[in-house]
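Colleague: Before I rely on the descriptive words used for this model, could you take me through them one at a time and show what each rests on?

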Amino acid sequence: MGMDTADWPTARLCAFIAELDFEQIPPRVVHFAKGLMIDWLGSALAGKGAHQVEMIDGFARAMGPADGPSIVIPTRRRTSPYFAAMVNAAASHVVEQDDVHNGSVFHPAAVIFPAVLAVAEAEGKTGREVLTACIAGYETGIRVGEFLGRSHYEIFHTTGTAGAVAAAAAVGKLIGLDAAGLNHALGSAGTQAAGLWEFLRDAADSKQLHTARAAANGLFSAYLARDGFKGAAQILEGKKGMAAGMSSDADPARLTDGLGSRWATEETSFKWHAACRHTHPAADALQSLMRREGLGPDDITDVVTHVHRGAIDVLGAVVIPQTVHQAKFSMGTVLGLIAVHDVADLDAFERHALADDRVARFRAKVRMELDAEVDALYPKQWVGKASVTTVDGRKFNARVDEPKGDPGYTLAKQELEAKALRLAEFRGGATADEMRTCISQIWSLDQPGSTADIICRALSANRADDQSF
């Protein structure tokens with residue numbers, strides 16, 4: 001006897017989203033979601049001026065309306081929700097400071113917040129509705145990423161694939177779709193889900209395209225569903241669905257894992273270093289080792305980072321980086337910045353990643369080796385191990401079980417806000433006063449009378465840029 005359609009994992013996931021009420025969400029999860037939003041807004045502002053964002057915004061200017069209800073965060077102009085979501089999602093993923101969920105290897109903020117905020121402004125939604133929708137997106141996207149598994153991530157950028165489904169769930173929740181409507185929205189998003197890692201080999205701009213399309217396609221899919229457009233009922237686990245074409249180790253049970261009791265949103269990690277998350281465990285391990293032993297970069301002749309397979313798959317393509325963005329995917333460059341400058345933040349990458357000979361020399365000393373223990377723990381846990389040989393022949397090892405920013409070593413409120421301020425000021429996306437106002441408004445987003453547009457009031461107070469970036 002076949003399974004009742006209501007018992008299909010996708011249907012159960014959609015029923016959970018449809019029934020999710022703000023009052024059901026634990027206050028700690030709501031608080032954490034506000035922190036994620038603050039962190040995301042900083043990243044979106046830091047994307048101002050990046051050539052990838054300029055070009056996607058140029059497309060939006062040419063193809064979309066010249067005015068509308070939704071803010072384009074880097075330029076402060078207004079347009080339709082669709083094009084605002086597209087540009088803001090691209091901007092969110094440029095400087096590699098947006099959040100990540102370890103178990104799904106997924107960057108939720110870059111695709112969920114742009115889509116939800118753009119729609120919420122257009123439809124006059126409350127702060128509580130915004131938070132509920134964003135949490136619905138996190139809970140969905142994380143589970144879809146976990147469901148698709150490690151084999152998926154070898155070829156596909158999960159943020160582009162699971163991200164489209166997450167954005168559809170979030171926007172669908174925001175605009176009031178029922179379970180059947182959400183199922184249609186996920187079906188349409190899943191059939192558009194894409195994002196391949198090939199771009200890493202030649203410093204292509206596809207990573208920002210992935211987030212732009214995921215947010216826009218998710219929004220598109222939710223609006224189509226509201227009008228009765230039908231999507232595949234089992235786009236995730238069906239015989240010719242996403243898993244069938246994109247995974248060899250998919251586990252449908254992950255789609256409904258702990259719905260209503262396990263809040264995957266609060267498992268999300270903040271990124272401390274301005275680089276690919278796969279570099280962070282080793283960077284933290286090397287930094288702790290050098291501080292512990294009092295070593296400088298010239299004291300070291302060889303560094304081995306003991307890593308999981310995903311790190312080799314993603315970082316191994318970058319040998320000598322050609323751009324600052326590509327340098328963020330170079331283990332040697334990230335460790336070189338840590339060794340020489342004791343920091344791998346935005347300014348360090350801009351000033352030293354390509355131009356500092358000391359960083360280049362240290363990069364040549366670094367190699368990755370697959371470590372069975374680290375690989376077995378990944379992706380649930382991202383362990384950092386580093387082994388160092390010194391000029392005088394001494395050998396040292398260091399291990400980090402939780403990189404800074406992980407749930408067990410999360411950022412303090414002051415660190416989170418300071419990071420957001422740095423991001424906002426990085427390319428003049430917002431002044432410190434503007435960002436402090438935004439931060440204050442986000443912390444109060446669940447208060448009665450709070451609406452989506454208060455997040456952007458501080459940014460809208462000044463005249464929008466008339467010209468391109």
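Modeller: This is a predicted model, in which local features need pLDDT of at least 70 and side-chain atom pairs count only at pLDDT 80 or more, while totals for chains, interfaces and linings use all residues. Residues are numbered from 1 along each chain as its sequence is written, and side-chain values use heavy atoms, with hydrogens and water left out.

Colleague: In what order do the four strands form the sheet, and is the sheet open or closed?

Modeller: The order is E4-E3-E5-E6, the sheet is open, and the pairing is mixed. Strands here are DSSP runs of type E with at least two residues, helices are runs of H or I with at least four, and both are numbered from the N terminus; two strands pair if DSSP finds at least two bridges between them.

Colleague: What makes E4 and E6 edge strands?

Modeller: Strand E4 (366-370) and strand E6 (395-400) each have a single partner strand, so one side of each is left without a neighbour in the sheet.

Colleague: How do you know that E5 and E6 pair?

Modeller: Strand E5 (residues 384-390) and E6 are joined by six bridges in the antiparallel sense, set against a requirement of at least two. As one example, Ser387 has Asn397 in E6 as its bridge partner.

Colleague: Why are H1 and H8 called oblique?

Modeller: Helix H1 (residues 9-19) and helix H8 (residues 179-192) pack at about 120 degrees, with axes 8 Å apart. Axes are lines fitted to C-alpha atoms, for helices over the stretch in contact, and angles between N-to-C directions run from 0 to 180 degrees. Angles under 35 degrees count as roughly parallel, over 145 as roughly antiparallel, 65 to 115 as roughly perpendicular and the rest as oblique; H1 and H8 are therefore oblique to each other.

Colleague: Which residues of H8 make that contact?

Modeller: Ala179, Leu182, Asn183 and Leu186 of H8 take part, where contact means heavy atoms within 4.5 Å. On H1, the residues include Leu13, Cys14 and Ile17.

Colleague: And what makes H3 and H4 roughly antiparallel?

Modeller: The axes of helix H3 (residues 51-63) and helix H4 (residues 81-92) cross at roughly 175 degrees and come within 9 Å. By the angle classes already given, H3 and H4 are therefore roughly antiparallel to each other. Their contact includes Ile56, Asp57 and Phe59 of H3, and Phe83 and Met86 of H4.
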